[in-house]
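Thank you all for coming. I would like to walk through one structure this morning, moving from a few backbone details to the sheets and then to the contact between the chains.

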Amino acid sequence: MTDDKDVLRDVWFGRIPTCFTLYQDEITEREAEPYYLLLPRVSYLTLVTDKVKKHFQKVMRQEDISEIWFEYEGTPLKWHYPIGLLFDLLAASSALPWNIIVHFKSFPEKDLLHCPSKDAIEAHFMSCIKEADALKHKSQVINEMQKKDHKQLWMGLQNDRFDQFWAINRKLMEYPAEENGFRYIPFRIYQMTTERPFIQKLFRPVAADGQLQTLGDLLREVCPSAVAPEDGGKKNQVMIHGIEPMLETPLQWLSEHLSYPDNFLHISIIPQPTD
Amino acid sequence: MPTSVLWAVDLFGRVYTLSTAGQYWELCKDAQLEFKRVSAATQCCWGIACDNQVYLYMCASDVSIRCREEAYENQRWNPMGGFCEKLLPSDRWPWSDVSGLQHRPLDGVALPSPHWEWESDWYVDENFGGEPTEKGSLTESRPWHFRGGPMPSTSPPPTRETRSGTRVCGGGSGSDTGDTSPGMPGPRSPRRMTLRICPIPSVTSPWVGGRSQRSLWAACRCGLCLCRERCGTGRMSATPTRKGHHGLWWTPPGKLSRSAVGPTTSCGSPSGRGKPWSGKGSTGITPKVWFRRGVNSHNPCGTSWIEMVGEMTMVNVGLNDQVWGISSEERAVYFRQGVTPSELSGKTWKAIVAGRESDRSHSGSSSSLLSAGCFFGDEVKGGSESAPSDTDAASESERPGPERSAPEEPLDNSRDPKGSSAVGPETGGTAECASETFCPDAGGREAAQASVGSERPLPASTAAELPWTNIDLKEPRKAPSHSATGFAETMGLSSLGLFPLGLDEPYAADDHPLWAWVSGGGCAVEAGSVLKWFSVQSGLSPSVQTLSLSISPAQTAAWRKQIFQQLTERTKRELENFRHYEQAVEQSVWVKTGSLQWWCDWKPHKWVDVRVALEQFTGHDGARDSILFIYYVVHEEKKYFHVFLNEVTALVPVLNEAKHSFALYTPERTRQRWPVRLAATTEQDMNDWLALLSLSCCESRKIRGRPSPQSIWSVTCKGDIFVSEPSPDLEAQDHLLPCDQMFWRQMGGHLRVVEANSRGVVWGIGYDHTAWVYTGGYGGGCVQGLASSTSNIYTQSDVKSICIYENQRWNPVTGYTSRGLPTDRYMWSDATGLQECTKASTKPPSLQWTWVSDWYVDFSVPGGTDQEGWQYASDFPASYHGYKTMKDFVRRRCWARKCKLVTNGPWLEVAPIALGDVSIIPESPEGPDSDDRGHNIALWAVSDKGDVLCRLGVSELNPVGSSWLHIGTDQPFASVSIGACYQVWAVARDGSAFYRGSVSPSQPAGDCWYHIPSPPKQRLMQVSVGQTSVYALDENGNLWYRGGVTPSYPQGSSWEHVSNNVRRVSVGPLDQVWVIANKVQGTHGLSRGTVCRRTGVQPREPKGQGWDYGIGGGWDHISVRANATRASRSMSQEQKAHGPVSC
């Protein structure tokens, strides 16, 4: 029997093979070779692309370089979304490796946040964790932690250290024995078809009658269009970490095992591929 | 904490129990009589029924009560025919009891009551006092003992015929106790009791081991106060004798005036010797509650009465000084909240509003008493039969008493058809209350009676009884003479009188129960524990709440499987073809640093502050390794040493009163008997380090998840559980893996014994003899976080006793005093006398433990004690005996105190029988049934009382099994072991061995015991049977191999000495022999309790040649019985060809 702990490992060590190509209009001194990399699904683009940056900067003149940003099939990639989420949302059905275009010019101000340094990522990451814990434990757990514990969470993510991260993160995944789960499940539901960036509501893991809420319950309540598409035949995929959990999966279990390091369940609703 | 029950009687005389784990009052269904009073102890409950007889209820368990009937065949020698049946005229009977005074022909020995049944035919007992008599040869016996019979020099044991009879009808339930079967009036009861009987519940001291100190007090109407002593409950004593169940005699210790036993009597329970009374006085007339202040062992009278808030008709003090009462107004049962050892008076009364089980379902079949079984009134016929004679006797003996005439109960007489019942004035308060509360409709009663009468052959008078009159009065001979009365009928009977119109629903939902009596003498509620009694709850009944070991739905659910499957697919899809891609984040070295203390191995030999750093790095192959650096300062010079975590073989927490420390072993350190010892300042800190280090160790050895079924399990003297994955070359013939290189991983929990089998069935026994079964989880205890599984970890508790000795020396002037000679040991010491241990200074073994009792005298120490627990000897230290002789100048007694630990681990309790030993059949995984996960696995055990048990229904899928099968024995047993071919060997407490014949999968209990004499002058303690080898261990640490064992003669021929210095032995399915050695000398120190393997064990040489020493220093137990991992070479065939026994 496989252990639930293995899920955490599999989630953490999820990798997306990616091919970075310099945008054709960028001015280079010589031809820029594509750059191939295995991106950790749970990390952030700007956190793990130092090598990419270095690689392309070698063929560019210093004055042509401003803030780096990425684009996939015309869509600028938000660095503050976890990589796995971006991939599931935009490229889940495309062939691997994932082809990302690298830009150094014309930063799309209206689409992307600036990422001046890793501190910005850390700040964003920590604020997500805190928000999640506010939902789960009224911030009690995160507030009881010491500064070094916060740091260890971040360093664990930054250095891709599963043990280091989970040594602390497990405390965030605990809940009182008398309850059957967290207060609210921290989740975000993303759909490319809508204007809203994502759906986030208060949702308890246990229903009033004591029944465990499932993924299906959540979707039916907060995003009914995902499970019952209006146009009949066209179905949606509900994807987390590149897999489609069954709608019967208890939400509490999902939250404990399939959350991203920021402690949110990032759920992508994407149209079923036609093929 | 095992569940226990609170007993109560409602106004209709029905007896109910409420489990500490439950939420519902459950009707004592078999009680066909109505009861007035009950007084409970943990294993039984006494009651006074409406017929004024005393009844005893034995709580049932899986194991029936057995007792052995004995008859002696006596022969006399004469010069002509040798021993023959012809006796002299002055001789005793040819068949007699042990004294020779009673004639006892075999066919004249009758069962004491219909509840008993013979278990076997008469047989000759050839095992007298642990030593065999010569088989069949009755004539040539030793010098005969003089037994004080009329035959001066003849008569006793050679032919000791025995026969054991028992087992109540109604399978597996408890049984009665002798002259009184359930449903029969009390034994030789000299008179009918009307008042309360109040056994002294055992809080701490009363029963210690087999020696029960309990006694039963009763007051009878004539004002006699009776005390019944030595009421062992049979279950307590190792060999239950019928006498033991209900004590010896009613001995009137003194005649008391009625006023003394009357209203003002404290019905608080004296909680035993030397234990403070928590006296609650209750008055029957003015319903006030009084608390006696200042009661303790030195001043059992206490100092003063304090009036308590609340009006109660009665109060009762139970175990742990908890208090229950019945309010005078609403007649609800109240529980005194906040009673703690420091605050015996408690805080508030809280009403118990638990519903009755019958409120929910009237069928009564859904659940039964926690220990359901045999009850007061199971056999009414017997009761009515015996009642007349008993009454006659009673009336004779009571003739001087004033109460035969009943002028005081006009109220009762008016309702009692025969008007012959009597009620004591001391119960008048209750009766009055009842009559105020109820005003039953007489006409309705008649109607009801009529309807009943058509159904059952009940005497009309019985049905016409007013239900509520049962509380205090009922005509004794009117017990329904109908033995097959079922539960529903009983219910009908008791409800008919009151609810004539609602026969189907006698209890409306809003009908809240009215109680008459409550007894908490058997109800152990610990101070501060949470009870579910105080709110009406819907849901499962308590009997359904037992945890089951079956795999929870979450683990088998389709969604879970799909997630695992999809993750695997995803990894394959996204990674398989792209492994040559560069990783975005290079793995770096991660360092955790911290401050610890380290025990400096050399001068100055003390704890020194150190900085530690754990460096983890990942090799190119993805393998992880870690190094622990320890930086210390010697003579202002900074130094360090390091440990590669892939070399660490064990991390052992060493908790004591002051330090949170742990020991770190490597193979070299194991050989030296000198681990690295580190200490943290807080428990949390230590647990963090332990978790991190053990995770790193496991990672570097690629050990993850639950241990494999073939794992080797061991337990340290601290109760910590360790498990080791066997490698194929562990038992290889040529290239043995040295024992000191085995890696031991800790499992959560606290056990004394653990036994495993290669199908993953693992059982453990705690220090408090609770049986536990392994759930398949891992981690728990101090192994937290990632090294622990998320599911299958449960709370576990254990209780053990700490013993100290009070030593005294005799001097001619003052006798025994606590003033010793200057050279004597401490007057308060440990068992060795070397350490001073006073009551005040002795602390629980570590910070994890807390005291849960006060100090009490332990009477169960080996060698016996006198009435006060003293053991005498000529001098310290010497062998002690339990009586004083002229030559004795010193004495000692053992004081014990219980402490409790609460931890968690992958274990679930197997209630309710406490075990002393357990053994699971060793199997090879490639056996014939290897694919059948449901096939039965033989498991034998010895209960802590010495009963031999066989567990039914144990399988890989259901490791907990279903029920116990009791195997009859003539004496209490100590150890049992079952070999791979169903050879069951056992060791009795008298030190001799037994072989159980004909055990097989189809006959799991076998047929009979064969007595195997122990090695000369040795008493065996433990036995272990592998595939064919049988090893036994005696109490002097000698290890014996049973020689001459063949398939046709599995008992073998002789014991062959193998080694001394052994504490525990475990023989595995490959006939490998592992022991815990007593002492092993290393290069740096001595190690007590070391895991050792017998080397050179081969099919042709099953005794082996030498020892290989492994992990040690405080190891207590090992089980290699799961390890059937063979080396890759097909050794098995070789073994089969040459083995002394082929299965």
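Let me begin in the loop of chain B that runs between strand E56 (973-978) and strand E57 (984-988), because that is where Tyr982(B) is found. This is a predicted model, and I ask you to keep that in mind throughout. Tyr982(B) is not a glycine, and yet it has a positive phi of about 65°. Asp1071(B), which is also a residue other than glycine, has a positive phi as well, near 65°, and it lies in the loop between E64 and strand E65 (1073-1081) of chain B. As background, most residues other than glycine have a negative phi, and most peptide bonds are trans. The second half of that remark brings me to chain A, where the peptide bond that joins Leu96(A) and Pro97(A) is cis, with omega at about -5°. Pro97(A) itself sits in the loop between helix H4 (83-91) and strand E5 (98-103) of chain A.

The loop that holds Asp1071(B) starts from E64, so let me stay with that strand, citing its place in an open sheet of four strands whose order in chain B is E64-E65-E66-E67, with antiparallel pairing. Which strands form the edges of this sheet? They are strand E64 (1062-1067) and strand E67 (1106-1112) of chain B, each of which pairs on one side only. From one strand to the next, the twist averages 35°. Within this sheet, strand E66 (residues 1086-1095) of chain B pairs with E67(B) in the antiparallel sense over five bridges, and if you would like a pair of residues to look for on the screen, Cys1092(B) has Tyr1109(B) in E67(B) as its bridge partner.

Chain B also has an open sheet of four strands in the order E60-E61-E62-E63, again with antiparallel pairing. Here the edge strands, each pairing on one side only, are strand E60 (1020-1025) and strand E63 (1054-1059) of chain B. Neighbouring strands of this sheet are turned by 30° against each other on average, if direction is ignored. Strand E61 (residues 1030-1034) and strand E62 (residues 1039-1043) of chain B pair in the antiparallel sense over three bridges, and in E62(B) the bridge partner of Tyr1031(B) is Tyr1041(B).

Now to the contact between the chains. How many residues does each chain bring to it? Chain A gives 50 residues and chain B gives 37 residues. Between them the two chains bury about 4,200 Å², with 56% of that on carbon and sulfur atoms. Of the area that chain A buries against chain B, 16% is supplied by Lys5(A), Leu38(A) and Arg161(A), which is more than any other three residues supply.

As for polar interactions, there are 12 residue pairs in polar contact between chain A and chain B, both residues being at pLDDT 80 or more. Several elements of chain A each supply at least two residues of the side that touches chain B, including helix H1 (4-12), strand E2 (35-40) and helix H8 (162-172). The largest share of that side, seven residues, comes from H1(A). The residues on that side of chain A divide into 25 nonpolar, 10 polar and 15 charged.

Strand E2(A) deserves a separate word, since two bridges join E2(A) to strand E30 (residues 582-583) of chain B, and the two strands run parallel. Leu37(A) has Glu582(B) in E30(B) as its bridge partner, and Glu582(B) also forms a salt bridge with Lys51(A), the closest N and O atoms being 2.8 Å apart. The count of salt bridges between chain A and chain B is three.

Over all chains, the structure holds 25 salt bridges. One of them lies within chain A, where the side chains of Glu131(A) and Arg188(A) meet at 3.0 Å, N to O. Glu131(A) lies in helix H5 (residues 118-137) of chain A and Arg188(A) in strand E6 (residues 187-191) of chain A, so this pair ties together parts that are 57 residues apart in sequence.

Definitions and conventions:
Residues are numbered from 1 along each chain as its sequence is written. Chains are lettered from A and ligands numbered from 1 in the order in which they are written. This is a predicted model: local features need pLDDT of at least 70, side-chain atom pairs count only at pLDDT 80 or more; totals for chains, interfaces and linings use all residues. Side-chain values use heavy atoms; hydrogens and water are left out. Contact means heavy atoms within 4.5 Å. Buried area is the accessible area (1.4 Å probe) that two parts lose on being put together, summed over both. A salt bridge is a side-chain nitrogen of Lys or Arg within 4 Å of a carboxyl oxygen of Asp or Glu. A polar contact is a pair of N or O atoms within 3.5 Å; within protein, one must be able to donate a hydrogen and the other to accept it, and residues adjacent in sequence count only if both atoms are side-chain atoms. Ala, Val, Leu, Ile, Met, Phe, Trp, Tyr, Cys and Pro count as nonpolar, Asp, Glu, Lys and Arg as charged, and the others, Gly among them, as polar. Two strands pair if DSSP finds at least two bridges between them. Axes are lines fitted to C-alpha atoms, for helices over the stretch in contact, and angles run from 0 to 180 degrees between N-to-C directions.
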